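Morning, everyone. I have a few minutes on one model, so let's put it on the screen.

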Amino acid sequence: MRALIVSVALLLASITLPTGAVTVQPSDASITRAKEILKGIDDLWRGDSSHAIFSMHVRTEHYQRTMQMEAWSKGKDKSLVKILKPLKEKGTASLKSGKHLYSYLPRTDRTIRLTSGMMMGSWMGSHFTNDDLVDESRMEEDYTPAVTFEGQRNGQNIIEFALIPHEDAAVVWGKIIMTIFANSLLPIEEIFYDEDGVETRRMTFSDYKVMAGAERPAVMRVTPTDKPDEYTEIIYEKLELNVDLKDSLFSINSLKHRH
Amino acid sequence: MSQQHRAIVELHNITRTYIQGEIEVNAVSNLNLTISAGEFTTLCGPSGSGKTTVLNMIGALDEPTSGVVTIEGRNLTELNRSEISALRRDRIGFVFQSYNLIPVLTAYENAEFVLALQGVKPAERREQVMAILKEVGLEGLEHRRPDEISGGQQQRVAIARAIVTHPAIVLADEPTANVDSATAEALLDLMQELNQNDGVTFLFSTHDQRVIDRAKRVIHLRDGKLESDILQ
Amino acid sequence: MLMHFAFRNLWRHRQRTFVTIAAMGLAGSIMIFYSALMEGMLFASERNAISMNSGEMQLHVENYRRDPDLYKRIDGSYSIINKLQQAGFNASPRLYGFALAAAGTASSGVKMSAIDIDYESKVTKIHNHVMRGSWLSKDLPNDVVIGRRLARTLGVDVGDEVVIVGQAADGSMADALFNIRGILKSVGEEIDRAGFYMNVSTFRELMVIPEGSHEIVIMPKDGYSNTLNERLEQVRKLVPQLELLSWKKLLPAIAEILDMTDASIVVMILITYIAVGMVILNAMLMGVFERIREFGVMKALGFSPWQIFSLILLESQIQVALASMITIGVGIPLSLYFSVHGIDLSQFTSGFTFGGVALDPHWRSMLTPQSVIMPVGLLFAIATLAVIYPAIKAAVIQPIEAIHHQ
Ligand SMILES: Nc1ncnc2c1ncn2[C@@H]1O[C@H](COP(=O)(O)OP(=O)(O)O)[C@@H](O)[C@H]1O
Ligand SMILES: [Mg+2]
């Protein structure tokens, strides 16, 4: 789940990569500006590795539940999430390695690889999809950023970006609008639109506090637009950046081990 | 008999024209004729002189091209189909040269079915048919089929069939042409008897001299025209 | 009087009459038998199609079909099933859930179908379509039966293990290990590709659904007499609160194929009828024209055209009536015999499909009122139509012409 919170940071950071072939409408100037800002965010945010403990609270029409998880990440494409609570699912682990996603199921003692058909399925009964876990590394390749607004909004200095997928990119979203504080470059909100331009979900950030040496949002909430009463909230309890992690942690074998 | 001189058939200026290919042939032309009740009359003349045509018109089997045919005072051209059928059924008896019996019916049934058609009750039918068959000399042959009896016997059945309904007139087209002379004589005896004893009116065509000799009235036709009309 | 004439004529022409009646009767019997065979084939195709999986009708809560969702459940499904059983139906509850199945490194999305074995076996015949292994058993809660393409995708066979991961109704992770007990024959695209059958109790535990079902599958008990529409109405009255769909809506493609087949059978039957009609027409024409001289004499002697017409019509009707008796007397027993014994085609083919539906190699006829009424009705219609022309001809012909007719 590091993916989710850090997705903003990583996403923005990684957007330094796209260059030349831009086919979307925004002016070159706004793209250049966006990349500049994103580079700044990257410098500010990006850690080579992370270790976090967070709880996830899911509320749907049919159920409500809380889980506690521990997560590790290294680089852009390695991450591991293990469930600590509840007991029934303790030990269940998700490993992202490159573009593959593996699940370890302690009850059956089996590790399975999720196929592309399962990527849009719910992750752990939350409003996140499995795809969200692997999506970040693709964002940078598939989307072009552009600054669409810069200035005061609700008495705050903010910057708004639009992320538009490349024409040939096979992506889930048709557009992502992201708002950050102009001064701190902290995320405020992300709005996701489908291919028809219809708003699908909204991710809001709050409870900004110092974690791992900098101010960061400790709470992130995703609300599906068509079910405004439902949400999934992630609350960071602990975050460490630039910790020393072995590559072997992100192997299928280590999925089974308890930490 | 009181009805002796009542006119049964009247032909007024009858012409019957056939079209044979391109040419018109007058089978009968401008014929005037009256047949009265009780007559025993023969139409004679060579083949093609119009005898059959005349009989057919009288029997309402054919219509004149011009002129009027009346049967018992009724103008045939004024009758509709069902009246014509009823007239044939009730007032006319037909005897054909080739008998024309219904092949699948017995002698009895052939003589009986017109009565049935008239709606006569079965018991009455039976009585009348048996009497007639006896009269025409077919006693004991009632249950024979046409193909089980001789030509003469078949013609007797035909005569029985023609007279069983007590028609106003019996029309017989060359009734003896298909039988040997002895049989012909016998048939003539029968018809003569019926004429004399029962007062049945007969009009028959023939070119047989023996038949002509027997007739009370001889009408000669030639090329569809009346040549002579002789009471013997 | 005409009746008497008609009977006498037929009797006196008995040779021709018998031949005509026999020909018509035989043709009619064949038509009945043929119709019954076709009805039987259609019926078998229909039964096979619906008894495979869909049943004759299904109940769901509103919109379940359009948007299947774990939470759209029918409450009190067993009491509904009881009601249906009392009304002459067999019914079975089912639950569905989507999940990921994995075996070794392979994985695939599956549609879990949870069934109550005792009830299901009275409703569908899917348990007869196991290709390898065997069908589910109540005593083996961890055994599953899967579709053949799914088995290939997962690279598994009978006796292998497969893991299921999904999300239970309470949002928790639903994961379990199953043994593959059986692999199904090809029974339809979806089941082949994703079918994953398990015991309903296993599913309830796995998916944390203690009650309710997603679907109630309904099949009439044997020996029903009313039509599908009447049965639908009956069920609708019993459970008005649920959405009721007939197999025609559930299997529109098969319904369409069967409808088309029905239409093509009608065409084939019509062609047969036309051929039979020709025979009858010929018999009638000959019967009248051979006797045209006779009719001429009758007209000369006083039969009216209408009487001649009626007589001929009457004769034909008597013949058809007698032919119908033969038709019924031969056609029905023949059809009934083959509805019990069937025509064994197994020596020609191990199993054949018709309209995409697998059929039993015993082709059984099925006698429906329609398969009797139509041939008999058509026999009358054809014979009547066939005789009208010669009857009119005989009625209006000039007697002298008829008499000279040789
Ligand atoms: N149906 C017919 N069509 C054309 N000509 C006919 C027909 N019937 C009779 N005729 C002609 O009418 C004439 C009289 O014939 P018919 O009355 O049969 O004479 P008969 O009976 O005296 O031999 C003959 O010239 C015959 O050819
Ligand atoms: Mg003549």
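Confidence comes first, starting with chain C. This is a predicted model. The mean pLDDT of chain C is 87. In that chain, 95% of the residues reach 70 or more.

Which elements of chain C have the lowest and the highest mean pLDDT? The lowest is strand S12 of chain C, residues 352-354, with a mean of 56. The highest is strand S5 of chain C, residues 143-146, with a mean of 96.

Now the complex. The predictor gives it an ipTM of 0.90. The pTM is 0.65.

Next, ligand 1. Please look at chain B. The residues around the ligand include Tyr18(B), Gln20(B), Ala27(B) and Pro46(B). Then follow the numbers from Ser47(B) and Gly48(B) through Ser49(B), Gly50(B), Lys51(B) and Thr52(B) to Thr53(B).

Which elements of chain B supply at least two residues each to this shell? They are strand S1, residues 7-20, and helix H1, residues 51-58. H1(B) gives the most, with 3 residues.

What about the classes of residue in the shell around ligand 1? There are 7 polar residues, 3 nonpolar and 1 charged.

Let's go down to single atoms. Thr53(B) uses its side chain: a polar atom there lies 2.5 Å from an oxygen atom of ligand 1. Gly50(B) uses its backbone, with an N or O atom 3.0 Å from an oxygen of the ligand. Ser49(B) also has a polar backbone atom to look at, 3.1 Å from an oxygen atom of ligand 1.

How much of ligand 1 does the protein cover? On its own, the ligand has 560 Å² of accessible area, and the protein covers 65% of that.

Last topic: cavities. How many of 30 Å³ or more does the structure hold? The count is 9. The largest has a volume of about 140 Å³. It is lined by 15 residues. Closest to its centre are Arg16(C), Gly287(C), Arg291(C), Glu315(C) and Gln319(C).

Three helices of chain C each supply at least two residues of that lining. They are H2 (14-54), H10 (252-289) and H12 (305-341).

By class, the lining of the largest cavity has 6 nonpolar, 6 polar and 3 charged residues.

To recap the two sites: the shell around ligand 1 draws on S1 and H1 of chain B. The lining of the largest cavity draws on H2, H10 and H12 of chain C. That's my tour, thank you.

Terms used. Residues numbered from 1 in each chain as written. Chains lettered and ligands numbered in written order. Predicted model: local features only at pLDDT ≥ 70, side-chain atom pairs only at ≥ 80, totals over all residues. Heavy atoms only, no water. Near = heavy atom within 4 Å. Polar contact = N/O pair within 3.5 Å; in protein donor to acceptor, adjacent residues only side chain to side chain. Areas by Shrake-Rupley, 256 points an atom, 1.4 Å probe, with all protein chains shown as cover. Helix = DSSP H or I, 4+ residues; strand = E, 2+ residues; numbered from the N terminus. Nonpolar A, V, L, I, M, F, W, Y, C, P; charged D, E, K, R; others polar. 1 Å grid on protein atoms, 1.4 Å probe; cavity = no way out; pocket = protein on both sides within 12 Å on 5 of 7 lines; lining within 4 Å. Points joined across faces, edges and corners; volume = space filled by probe spheres on them. pLDDT = per-residue confidence, 0-100.
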